[in-house]
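Student: Got a minute to go through this model with me? I'd like to start with the charges and then look inside.

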Amino acid sequence: MLARRTLGRIASQPQVLGAAPSQARNMATLREIELRLKSVRNIEKITKSMKMIASTKLSKAQRAMQAGKEYGLANAEIFQHASPEETGKRKLFIVISSDKGLCGGIHSSVSKATRREFAEKDKVDQESPIMVIGDKSKAQLSRALPQNLVMTFNQIGRDIPTFADAAGVADLILTSDVKYDSIAIVYNKFVSAISYEAAIVEIEPENLLKEAPGFRAYEMEDDVTKDLSEFTLANAIYAALVEAHACEQSARRNAMDNASKNASDMINRLTMQYNRGRQAAITNELVDIITGASAL
């Protein structure tokens, strides 16, 4: 009898404001919705701030990219008139990415392009070495092609890349003991402010430049070809670095813009859910009050 009275008092007590209805055990309480709404609003503030920062950096990166393209055009003209008769299959792949994330699939694009090159077994030696600039593509290629990784670089291009950065990378490559027939630089090519694509530019080493018909027609010292080979490699790396940096900033701005829009949509849905739950709780309170008053 005592147990029945206790259960009756518990059942007659009004529900606390914000509690979930008894018929919907899995329904989120108003307190949970309110906390989630607060966290999503904080995320929206962060993504909007990151979008503004990326937009500012993008304009600077585009100016540096236009200046860096002149280096790439000079290289293209040299190799256009001094292309070798034949090259080997063993290529040195220099994959250019960065150490930072939150910029969409820009790092996976160069990793996929590298894997596609290795998939063509008739053109590329499967033991070709790979050097990676940036920790993001390094992590991806270390899973796909771990036996080909010979050297990695990081902390390059944290700001706008400079020619000194490219010259340092080129010097480490040339002084290493890695054997290769030609060099292929894999980077992201800037198409527009909202799009990019993976591209590959090939650089001929010193021995192929000496054997090229355009260079054999002239008499020159060995140091001239060596210096030219080193300078063209640094030029190509610098041009690829600045263009990849512009693509990264563009991709980060677009990613943060999409994240801000998704956060805004989620805020609207949570606000509507919170208002409906609050109205339902108030309605239940009114029903309990009116029912109690009628019983009296």
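Tutor: Sure, we'll take salt bridges, then the core, then the surface. This is a predicted model, so local features need pLDDT of at least 70 and side-chain atom pairs count only at pLDDT 80 or more, while totals for chains, interfaces and linings use all residues. Residues are numbered from 1 along each chain as its sequence is written, and side-chain values use heavy atoms, with hydrogens and water left out.

Student: How many salt bridges does the structure hold?

Tutor: Eight. A salt bridge here is a side-chain nitrogen of Lys or Arg within 4 Å of a carboxyl oxygen of Asp or Glu.

Student: Which residue does D257 form a salt bridge with?

Tutor: K51, with the closest N and O atoms 3.1 Å apart. D257 lies in helix 8 and K51 in helix 2, so the pair ties together parts that are 206 residues apart in sequence. Helices (H or I, at least four residues) and strands (E, at least two) are DSSP runs, numbered from the N terminus.

Student: And what links K51, D257 and K261?

Tutor: A network of salt bridges. K261 meets D257 at 3.7 Å, N to O, and those two are four residues apart in helix 8, about one helical turn.

Student: What about E44, buried or exposed?

Tutor: Buried, at 14% relative accessibility. Buried means under 20% relative accessible area, exposed over 50%, and partly exposed in between (1.4 Å probe, protein chains only). E44 forms a salt bridge with K48 at 3.5 Å between the closest N and O atoms, and K48 is partly exposed at 43%.

Student: OK, new topic. Which residues touch the most other members in the largest nonpolar core?

Tutor: I94, I173, I185 and I237, out of 27 residues. Helix 8 gives the most to this core, nine residues. A nonpolar core is a set of buried Ala, Val, Leu, Ile, Met, Phe, Trp, Tyr and Cys residues joined through side-chain atoms within 4.5 Å.

Student: Back outside: which residues form the negative surface patch?

Tutor: D171, D223, D227 and E230. Patches are made of residues with over 30% relative accessible area and no salt bridge, with like charges joined within 9 Å and nonpolar side chains (Val, Leu, Ile, Met, Phe, Trp, Tyr) within 5 Å. Asp and Glu count as negative.

Student: Which helix gives the largest share of the patch?

Tutor: Helix 8 (residues 222-295), with three residues. D223 lies in helix 8 and counts as partly exposed at 48% relative accessibility.

Conventions:
Accessible areas come from the Shrake-Rupley method with a 1.4 Å probe; for residues, only the protein chains shown count as cover. The place of a charge is taken as NZ of Lys, CZ of Arg, CG of Asp or CD of Glu.
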